[in-house]
Structures are given as structure tokens and as C-alpha cells.
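Visitor: Please show me the model, and then I will ask about it piece by piece.

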Amino acid sequence: MEITGSINMIGYALATLGPAIGVAWIFASVINGTARQPEARSAMLSTAFIGFAVVEALAIIGIALAFVL
Amino acid sequence: MGPLTLPTLVGALVPLAGEGHTYQTPGVRDFRYFCQAREAGELGPNDPGNVAGCTFGVDWLNKPFWQAVIGAALVIVLWWLAARKLSLVPGRGQFFWEYVYSFVRNGIARDILGPEYRRYLPYLLGLFSFLLVNNWFGEFFLFMLPTFSNIGYAWILAIMSFVIYIGAGIRTHGVGGYLRRSLIPEGVPVYLWPIIIPLEFLSNFITRPLTLALRLFANMFAGHLVVMVFVVGGAFLLTYPGNAFYNISGAVSILFSFAILFLELFIGLLQAYIFTVLTAQYIHSSVAESH
């Protein structure tokens, strides 16, 4: 059996671990915060989405490099 | 035609696993719409990407282009229809459109930009609706391709947001004031400037537009690719002759692709929201008094 493809994708799979943990942490904190103070949910969510976008940038750069390099 | 079994029936409907047709993994090639194969051997003569890839014999008048045009027209017409007959007591239709409008106005523009949000509201609302419509084209019949899975369209939107947030900063603080505010955070001692200024330049003027475009593109592209893997692979397994296990897993895979399509609907909404929120955030950071 012959497997072809780019080994970059394995590297990218490893690279997604960091952003995945980061994004998970952000939303875990939102859930925690909502449980403690439900009325602050909307304020926390909009901040969380900005943080999510910033953390996700790492995964985005990763996928770009996986295709480019 | 042989005995009418499920695989032959599906095989007649989905011309995929015919004789001599081997399984081809979906890839970047499936997102290309050229008039003819560009590199030798890249597209076979019967490749779907090679048929009706463009209109009027022009390479860039292709499917994503028409989708972008239709999307823009749709946004204009829908908002025009929604704003045509407004009444003090909203009906059901007006209630829906007001909900969408106030989601962008209150949830994104006013929350982030503060009292001066009105100047940037038309752009944000147009951006949000255009992104949403184009992302959801990936799940709708007749289209079945998110426009922004073609990176050029994502670049243009990112460049537009880039120009607008830089223009907003220059308009508020002047060129020198804006550059000083965006390159030197307050309270940084002078001996750190050689490190901070390149970093801030990289972050404000290069990484921001780059990640705006790439985030949108990568999410749309990867999501559509996942759907394609499940559908194409599922159809191949479903029509595989003489192996019931393959056929059953193919059916499961095709059913699972529906779940992914629903996830894609959510991702399309999320990406439209994030792009708009980040644009508003960048505008805010360039017009803000203190950085």
C-alpha cells in the first residue's frame, strides 16, 4: 500500500493543538463566568469572540504555511 | 442495465464509480474554475472542474464571480425591500429585519465603537450581510460553493477593511498622530522603542489584514472540503460493486455529511460575525483616544 501526500499536514495537525487548547480555554472561561454571573454573559461573549479570533490566527497562519511551504 | 439493486440505482444517478473510474480525493483542484486546464495533467478531460468552469471564455468570469455579484445584488435588494415600507408598529417581516439590523447596530457597532458608531454602521451592516449571504451559498442549492473559498474575494474584503480602519485613524488623528499612536503604545520607555515599533507595525499593518483574509478563506475552504470528502467518498463507497460493508459505510458517510452541512451553516454565520466584529475592533483601536 502506498500513501502519498504532504507530510506538512501532520505538522499542521500538531500545530492545531495549541490554538485548540487556547480556544477551549476561552470558552470554558465564558461558561464559568456565565455560571457565576449570568447577566454578564453578552459582555463576556463579545470579548470572547475577539479573543477567539486572535487565538485562531495561529491556526490560520499554520494552515497557510502548511500549504505554502 | 443489470438487476435493479440499490448500488446500480445510485450508480445511475451519481456517475461516479463507473468502470475504470478510480477514487480521486477531493482537493484544491475542485475549487478551481478555469476555462481550460492550466498545467498539463492537472485536470483530466472529464474532470468536473474542466467543464463550464467559466462563462464567455474569460477565466475570471467564473462561478465565484457570479456568486459574488448575485450575493451583492441580493443584499441590496433584500435591504431595500426591508426598508421600503416601515411602520411604527412592526409587522412580522419588519420585526425580522429590524432584529438583524439591531444585531449589527447594537451588538457589534455600538458596543465596540461607542457613540460615534453611525459613521461606520453602513459598512459594517453591508459587510455582515454580504459575508453571510456568500458563506451560506456554500449550503444552498444551485450554488453549493462558498464564494470565499476562493481566496481572491477574501483578500478584497480584507483590503477594504484595512483601508477603512487606516483611513479612520488618519482622519481622526492625522497621519503623524495616527502612526505614533498605533506604533508606540503609551508608557513604553524609549529604550524599548526599537523592539516595540517593528512588532507593532507587524501586528497592526501586516498581521491584521492577513489574518482577516486567511481566517475567512481557510474556514470556508476547509469546511467545504470536509463536506466534499464525506459526499464524494461516501458516494464512491455506496456505489462500490460487491461489498455490502463499503456500501453501508458510504451511506453512513453521506448521512453524516448532512450534519457537517449544518455545522457549516453555523460556521458561515460565525465567520461573518467575526469578520465584522474584528473590523469594528480595528476601527475602534485606530480612532480611540489612547491606544
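Guide: A salt bridge here is a side-chain nitrogen of Lys or Arg within 4 Å of a carboxyl oxygen of Asp or Glu. This is a predicted model, in which local features need pLDDT of at least 70, side-chain atom pairs count only at pLDDT 80 or more, and totals for chains, interfaces and linings use all residues. Residues are numbered from 1 along each chain as its sequence is written, chains are lettered from A and ligands numbered from 1 in the order in which they are written, and side-chain values use heavy atoms, with hydrogens and water left out.

Visitor: Which residue of chain B forms a salt bridge with A:E56?

Guide: Across the interface of chain A and chain B, the rule finds one salt bridge. Its closest N and O atoms are 3.0 Å apart. The partner of A:E56 is B:R215.

Visitor: How many residues of chain B are in contact with chain A?

Guide: Contact means heavy atoms within 4.5 Å. On the side of chain A, twelve residues take part. On the side of chain B, the number is 14.

Visitor: What area do chain A and chain B bury between them?

Guide: Buried area is the accessible area (1.4 Å probe) that two parts lose on being put together, summed over both. Carbon and sulfur atoms carry 81% of it. A:F49, A:I50 and A:I60 supply 40% of what chain A buries against chain B, more than any other three residues. The total for both chains is about 1,100 Å².

Visitor: Which helix gives the most to the largest nonpolar core?

Guide: A nonpolar core is a set of buried Ala, Val, Leu, Ile, Met, Phe, Trp, Tyr and Cys residues joined through side-chain atoms within 4.5 Å; buried means under 20% relative accessible area, exposed over 50%, partly exposed in between (1.4 Å probe, protein chains only). Of the 71 residues in the largest core, B:L131, B:F148 and B:I274 touch the most other members. Helices (H or I, at least four residues) and strands (E, at least two) are DSSP runs, numbered from the N terminus, and helix 3 (41-68) of chain A is among those that each supply at least two residues of this core. With twelve residues, the one that gives the most is helix 7 of chain B.

Visitor: Is B:H173 buried or exposed?

Guide: B:H173 is placed in helix 5 of chain B. Leaving out residues up to four places away in sequence, B:H173 touches B:Y178, B:R181, B:S286, B:V287, B:A288 and B:E289. Because its relative accessible area is 15%, B:H173 counts as buried.

Visitor: How far from a polar atom of the side chain of B:H173 does the backbone oxygen of B:S286 lie?

Guide: A polar contact is a pair of N or O atoms within 3.5 Å; within protein, one must be able to donate a hydrogen and the other to accept it, and residues adjacent in sequence count only if both atoms are side-chain atoms. The backbone oxygen of B:V287 lies 3.5 Å from a polar atom of that side chain. For the backbone oxygen of B:S286 the distance is 3.4 Å.

Visitor: The backbone oxygen of which residue lies 2.8 Å from a polar atom of the side chain of B:T239?

Guide: B:T239 lies in the loop between helix 6 and helix 7 of chain B. At 8% relative accessibility, B:T239 is buried. The backbone oxygen belongs to B:A235.
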